[in-house]
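Let's take a friendly walk through this protein chain, from its aromatic pairs to its cores, helices and loops. Have the structure open as you read.

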Amino acid sequence: MTNLQIFLDIATEAALAAGAVLQGYLGKLEDAIIEKGRPGDLVTAADKAAEVVILDILRRHFPEHSILAEESGKLGNQDNEFLWAIDPLDGTTNYAHQYPFFAVSIGLLINGVPQIGVIYDPSHNELFRGATGLGATRNRRPIQVSETAELSKSLLVTGFAYDRRETSDNNYAEFCHLTHLTQGVRRSGSAALDLAHVACGRLDGYWERGLSPWDITAGIILLQEAGGKVTAYDRTPLKIESGRILATNGHIHDSLSQELEQVPPLSAWG
């Protein structure tokens, strides 16, 4: 437990430092925005600079740990039991347009299981933290998931993968189907913040496909420590490498999973 607290505090230091870098670059990128290969999959100088800051802090404190970072890829001994999953700027498209919905996400997996999560939203100065057995907080105050028990009364959130133009498995049908069954479905553009907002009760459920470990590792432990539930779409144990996640307050988990299993094809929507 003591080690988890140390890991959490260092991850917090790194997230806050990276957030300051993002704020410094905001609105000053000019032409320093490029696509990584797929339309809409952007990277900026801010992503890279924020990641450098995070890596410097983690390497200084934990030189033996392995790292999986969005911009740098795999670093260190990937067989090490400690793996940091880092997204220095989750919501790059929002950031590039100066839309204030983006975050720094830092998670730690120990033997493949998420144990530490820090998500920092610099635009709203909101710091979400969670660790196994230590609970979950927003700006150092405890948070918990909502009590919404009916899908019809829920507010959900989702996202669309970068390959949505090339594949029919693109979440459009699910978005339409669940919009009709709930009080609404939001699309924020930041998986990390989606999970954080379910954790603190602002939203009741979240599902998405096409994700990477750095998108969701921090949010998974944050949500679980806030009393939520995280699984695969079919309620089997989540495999982070699958890129698919179903995360809720727990109360609507089964009903949301059932609806995802019976969504009519997009062609049926006309």
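A residue is called buried here when its relative accessible area is under 20%, exposed when that area is over 50%, and partly exposed in between. Please keep in mind that this is a predicted model.

**The chain as a whole**

The secondary structure of the protein chain comes to 7 helices and 15 strands. The chain has 270 residues, of which 53% count as buried. Among contacts between residues at least 6 apart in sequence, 64% join residues at least 24 apart.

**Aromatic pairs**

How many aromatic pairs does a search of the whole structure find? The search gives 7 aromatic pairs. In one of them, the ring centres of Tyr95 and Phe102 are 4.9 Å apart with the planes at 90°, so this pair is edge-to-face. Tyr95 has a relative accessibility of 1% and therefore counts as buried. Phe102, at 0%, counts as buried too.

Phe160 and Phe175 make another pair: their ring centres lie 5.6 Å apart and their planes meet at 55°, so the pair is tilted. This pair links distant parts of the chain, since Phe160 sits in the loop between β11 (155-158) and α4 (172-181) while Phe175 belongs to helix α4, 15 residues apart. Buried or partly exposed: how does Phe175 count? At 23% relative accessibility, Phe175 is partly exposed, whereas Phe160, at 16%, is buried.

Two further aromatic features deserve a look. Phe7, Phe62, Phe82 and Trp84 form one aromatic cluster. Over at Tyr233, the charged end of Arg244 sits over the ring, 5.6 Å from its centre.

**The nonpolar cores**

Two members of that cluster return in the next feature. The largest nonpolar core has 35 residues, and those with the most contacts inside it are Phe7 and Trp84. Which elements give two or more residues to this core? They are the helices α1 (2-25) and α2 (45-61), together with the strands β3 (66-69), β5 (82-90), β6 (103-110), β7 (113-121) and β8 (126-131). Helix α1 supplies the largest share of the core, 10 residues.

Trp84 is a good place to zoom in. Leaving aside its neighbours within four places in sequence, Trp84 is in contact with Phe7, Ala11, Leu58, Phe62, His65, Ser66, Ile67, Leu68, Ile106, Gly107 and Leu108. Apart from this core lies another, of 33 residues, and among them are Ala191, Ala196, Trp214 and Leu223.

**Helices α2 and α5**

Helix α2 has 17 residues and reaches 25 Å from its first C-alpha to its last, close to the 24 Å expected at 1.5 Å a residue. Its buried residues are Ala46, Asp47, Ala50, Glu51, Ile54, Leu55, Ile57 and Leu58. Why do these buried residues line one face of the helix? Seen down the axis of α2, they fall within an arc of 165°, so they line one face. As background, an α-helix has 3.6 residues a turn, so residues three or four places apart point the same way.

Glu51 is one of the residues of α2. With a relative accessible area of 2%, Glu51 is buried. Its C-alpha atom is separated by 7.1 Å from that of Ala18, although the two residues are 33 residues apart along the chain. Beyond its neighbours within four places in sequence, Glu51 is in contact with Ala69, Glu70, Glu71, Ser72 and Pro88.

Helix α5 (residues 191-199) is mostly covered, with 9 of its 9 residues buried. These buried residues include Asp194 and His197. After α5 comes Gly201, whose phi is positive, near 90°.

**Positive phi in two arginines**

Arg140 and Arg235 each have a positive phi although neither is a glycine. The table sets out where each one lies and how accessible it is.

| Residue | Phi | Loop | Relative accessibility |
|---|---|---|---|
| Arg140 | near 75° | between β9 (135-138) and β10 (141-142) | 54%, exposed |
| Arg235 | about 75° | between β14 (229-231) and β15 (245-248) | 31%, partly exposed |

Key:
Residues numbered from 1 in each chain as written. Predicted model: local features only at pLDDT ≥ 70, side-chain atom pairs only at ≥ 80, totals over all residues. Heavy atoms only, no water. Phe/Tyr/Trp six-rings, centres within 6.5 Å; stacked < 30°, edge-to-face > 60°. Buried < 20%, exposed > 50% of the residue type's maximum accessible area, 1.4 Å probe, protein only. Helix = DSSP H or I, 4+ residues; strand = E, 2+ residues; numbered from the N terminus. Lys NZ or Arg CZ within 6 Å of the ring centre and 35° of its normal. Core = buried A, V, L, I, M, F, W, Y, C linked by side-chain atoms within 4.5 Å. Contact = heavy atoms within 4.5 Å. Expected span 1.5 Å × (residues − 1). Arc of directions from axis to C-beta.
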